[in-house]
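Let's take a friendly walk through this protein chain, one neighbourhood at a time. Keep the picture open as you read, and look up each residue as it comes along.

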Amino acid sequence: MRRIRDFLKEYRHLWVLSYGIVYLLWFRFLERSVTVRTGYHIIHSVLDDRIPFCEYFVVPYFLWFLYIAAGVLYFFFVNREDYYRVCTFLFSGMTASLLICTVYPNGTDLRPFFDPGKNAFTKLVGWLYRTDTCTNVFPSIHVYNSIAMHIAISKSRNIGRLHFGKWIKWGSLLLSTSICCATVFLKQHSMLDVGGAVVLASIVYGCIYGYPVFEMKPQWDKL
């Protein structure tokens, strides 16, 4: 018990993660309340029809969970200021997304017919489709959080000082880009969902890090 008390005393900022409970309860409510029976607005664009379905993108899609969790934990233990920033970035966009879906019920009609027994990747996609509905998609949380986490990593001085910091940042860019692509290649999201997430991330970025939004050059020069 003493170790637990000491841990909680040293890492008092753990309370921020309690937001996850609020988010999950709110999201679950939306998943149950927004259905075909209740009706919702279909998010669809011409570009969506030109993007082929590719089951291999299920790998980066699921890596999103590890990417976000590992990033938050890193900042939690290494830099409290960066931790507060990245949590504010993530949670602000997640809350905005839930608010949008609450007042503007939405979903997609993009999921294709495919053989879930074709290979291991299609089996994973089949499981994803069964466990995650095609509603509450605008803007894409997968895309928004991937952008937010990569920005936090690219701006981290602690990571920049690491021997392999340069490669961590480039790896983050590759993974976050792959995750964003996965959302449309798996037909989980429309390009409109991606665009909405980019716009939302740009707005929240300015509130947290300051404008101009795309002032990333000083960071890239250090890579």
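## T95 in helix α5

T95 sits in helix α5, which covers residues 80-103. This is a predicted model, so every value here is computed from predicted positions. T95 counts as partly exposed because its relative accessible area is 24%, and the partly exposed class lies between 20% and 50%.

What does the side chain of T95 reach? It reaches the backbone oxygen of F91, at 2.8 Å. Setting aside residues up to four places away in sequence, T95 touches Y19 and W26. For a sense of scale, try finding T122 as well: T95 and T122 are 27 residues apart along the chain, and their C-alpha atoms are separated by 31 Å.

## Salt bridges

How many salt bridges does the structure hold? There are three. Helix α5 is home to E81 and R85, which lie four residues apart, about one turn of the helix. Their side chains meet in a salt bridge, with 3.0 Å from N to O. R85 also forms a salt bridge with D82, where the closest N and O atoms are 3.7 Å apart. R85 and D82 are three residues apart in helix α5, again about one turn. Together, E81, D82 and R85 are linked in a network of salt bridges.

The members of this network can be sorted by accessibility. E81 is partly exposed, with a relative accessible area of 48%, and R85 is partly exposed at 30%. D82 counts as buried, because its relative accessibility is 15% and buried means under 20%.

Another salt bridge joins E55 and K118, with the closest N and O atoms 3.7 Å apart. This pair links distant parts of the chain, 63 residues apart: E55 is in the loop between α3 (46-50) and α4 (58-78), while K118 is in the loop between β2 (106-107) and α6. Is each partner buried or exposed? E55 is buried, with a relative accessible area of 6%, whereas K118 is exposed at 57%.

## The loop between α6 and α7

Now move to the loop between α6 (120-131) and α7, where you will find P139. A cis peptide bond joins F138 and P139, with omega at about -5°.

N136 is in the loop between α6 and α7 too. Its phi is near 55°, a positive value in a residue other than glycine. N136 counts as buried, with 9% relative accessibility.

## S154 in helix α7

Helix α7 spans residues 141-155 and contains S154. Is S154 buried or exposed? S154 is buried, because its relative accessible area is 4%, and the cut-off for buried is under 20%. The side chain of S154 reaches the backbone oxygen of I151 at 2.9 Å.

## Helix α9

Helix α9 runs over residues 165-185, which makes 21 residues. From its first C-alpha to its last it reaches 30 Å, close to the 30 Å expected at 1.5 Å a residue. The buried residues of α9 include G165, K169, S172 and S176. Others among them are I179, C180, A182, T183 and V184.

## K187, a buried lysine

Just after α9 comes K187, in the loop between α9 and α10 (191-209). K187 has a positive phi of about 65° although it is not a glycine. At 7% relative accessibility, K187 counts as buried.

Which side chain of opposite charge is nearest to K187? That is D48, 6.2 Å away, and K187 has no salt bridge. The reason is distance, because a salt bridge needs the nitrogen and oxygen atoms to be within 4 Å. The side chain of K187 does reach the backbone oxygen of D48, at 2.8 Å. In addition, the backbone oxygen of I51 lies 2.4 Å from a polar atom of the K187 side chain. Leaving aside neighbours within four places in sequence, K187 is in contact with several residues, including P52, F53, T108, L110 and Y129.

## Confidence in the model

The chain averages a pLDDT of 92, and 93% of the residues score at least 70. Over residues 216-223, the pLDDT is below 50. Beyond near neighbours in sequence, this stretch has 12 contacts in the model.

Methods
Residues are numbered from 1 along each chain as its sequence is written. This is a predicted model: local features need pLDDT of at least 70, side-chain atom pairs count only at pLDDT 80 or more; totals for chains, interfaces and linings use all residues. Side-chain values use heavy atoms; hydrogens and water are left out. Helices (H or I, at least four residues) and strands (E, at least two) are DSSP runs, numbered from the N terminus. Buried means under 20% relative accessible area, exposed over 50%, partly exposed in between (1.4 Å probe, protein chains only). A polar contact is a pair of N or O atoms within 3.5 Å; within protein, one must be able to donate a hydrogen and the other to accept it, and residues adjacent in sequence count only if both atoms are side-chain atoms. The expected span of a helix is 1.5 Å times one less than its number of residues. Contact means heavy atoms within 4.5 Å. pLDDT is the predictor's confidence in each residue, from 0 to 100. Lys and Arg count as positive and Asp and Glu as negative; His and the chain ends are not counted.
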